Amino acid sequence: MKTSKLLLTLFVSLVVASSAQARDERLKFKIQPLLETTKAKDALLSVPLHFAENSPTKFDKKYGKVSTNKKTNAFMKSDQEACEWAMLSALKALQERALREGMTDVINITSNYKNIPFSSTTEFECGSGAVMAGVALKGTLVKIEK
């Protein structure tokens, strides 16, 4: 009797754990409220970020398109908290790349989670699972003389 209870408990635990691990949702969150937070102001650099169609069309020099894919631990975090952290990491990576290449701005930033483009001036897309959250972005590095 004890053995069958133990086996049943083990089986239920495995089923619950495997279904939790399999969660992989595509979520969308607002960009502007995130950029206005203290954590964004502390994390991001001074390189201007322009999303989707809300990008300058005139620039002095173009480096080209770049991409980044950042993940973060989502354990004990809300989906939004984990996704925002991954988004800030991805944006900072684009900014660092722009500086490294001598560019001043990142334009045409779009989400590219699992290589599926999502373009929006107001939202970003994040993949959220039981233990990880991730944001993939593409952008174009340009130099705009100010």
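User: Glad to have this one open on the screen. Is Q95 buried or exposed?

Analyst: Happy to help, and please keep in mind that this is a predicted model. Q95 sits in helix α4, which covers residues 79-100. Buried means under 20% relative accessible area. The relative accessible area of Q95 is 1%, so Q95 counts as buried.

User: Which residues is Q95 in contact with, leaving aside its neighbours within four places in sequence?

Analyst: The helix to look at is α4, since Q95 has its place there. With neighbours within four places in sequence left aside, the contacts of Q95 are L44, L45, V47, L49 and V106.

User: Let's turn to the strands. Is S67 buried or exposed?

Analyst: You will find S67 in strand β3, residues 61-73. Exposed means over 50% relative accessible area. S67 has a relative accessible area of 55%, and therefore S67 is exposed.

User: Which residues does S67 touch, not counting those up to four places away in sequence?

Analyst: A good place to begin is G139, which is 72 residues from S67 in sequence. In space, the C-alpha atoms of S67 and G139 are 6.3 Å apart. Not counting residues up to four places away in sequence, S67 touches L137 and K138.

User: Now the whole protein, please. What pattern do the helices and strands follow along the sequence?

Analyst: The protein has four helices and six strands. Reading along the sequence, you meet them in the pattern α-β-α-α-β-β-α-β-β-β.

User: What share of the contacts with a separation of 6 or more comes from residues 24 or more positions apart?

Analyst: For background, the protein has 146 residues, and 38% of them count as buried. Among contacts with a separation of 6 or more, the share from residues 24 or more positions apart is 83%.

User: How many cavities of 30 Å³ or more are there?

Analyst: The largest cavity holds about 30 Å³ of space. Counting cavities of 30 Å³ or more gives one.

User: Which element gives the largest share of the lining of the largest cavity?

Analyst: The lining is made up of I31, F51, I109, T110, S111, F118, S120, E123, F124 and L137. Two elements give two or more residues to this lining: β4 (105-111) and β5 (123-129). The largest share is three residues, and the element giving them is β4.

User: How do the residues of that lining divide into nonpolar, polar and charged?

Analyst: The lining includes F51 and F118, and also S111, S120 and E123. Sorted by type, the lining residues of the largest cavity come to six nonpolar, three polar and one charged.

Note on methods. Residues are numbered from 1 along each chain as its sequence is written. This is a predicted model: local features need pLDDT of at least 70, side-chain atom pairs count only at pLDDT 80 or more; totals for chains, interfaces and linings use all residues. Side-chain values use heavy atoms; hydrogens and water are left out. Buried means under 20% relative accessible area, exposed over 50%, partly exposed in between (1.4 Å probe, protein chains only). Contact means heavy atoms within 4.5 Å. On a 1 Å grid over the protein atoms alone, a cavity is a set of points where a 1.4 Å probe fits but cannot get out, and a pocket is an open set with protein on both sides within 12 Å along at least five of seven lines; lining residues have an atom within 4 Å of a point. Grid points are joined across faces, edges and corners, and a volume is the space filled by probe spheres set on the points. Ala, Val, Leu, Ile, Met, Phe, Trp, Tyr, Cys and Pro count as nonpolar, Asp, Glu, Lys and Arg as charged, and the others, Gly among them, as polar.
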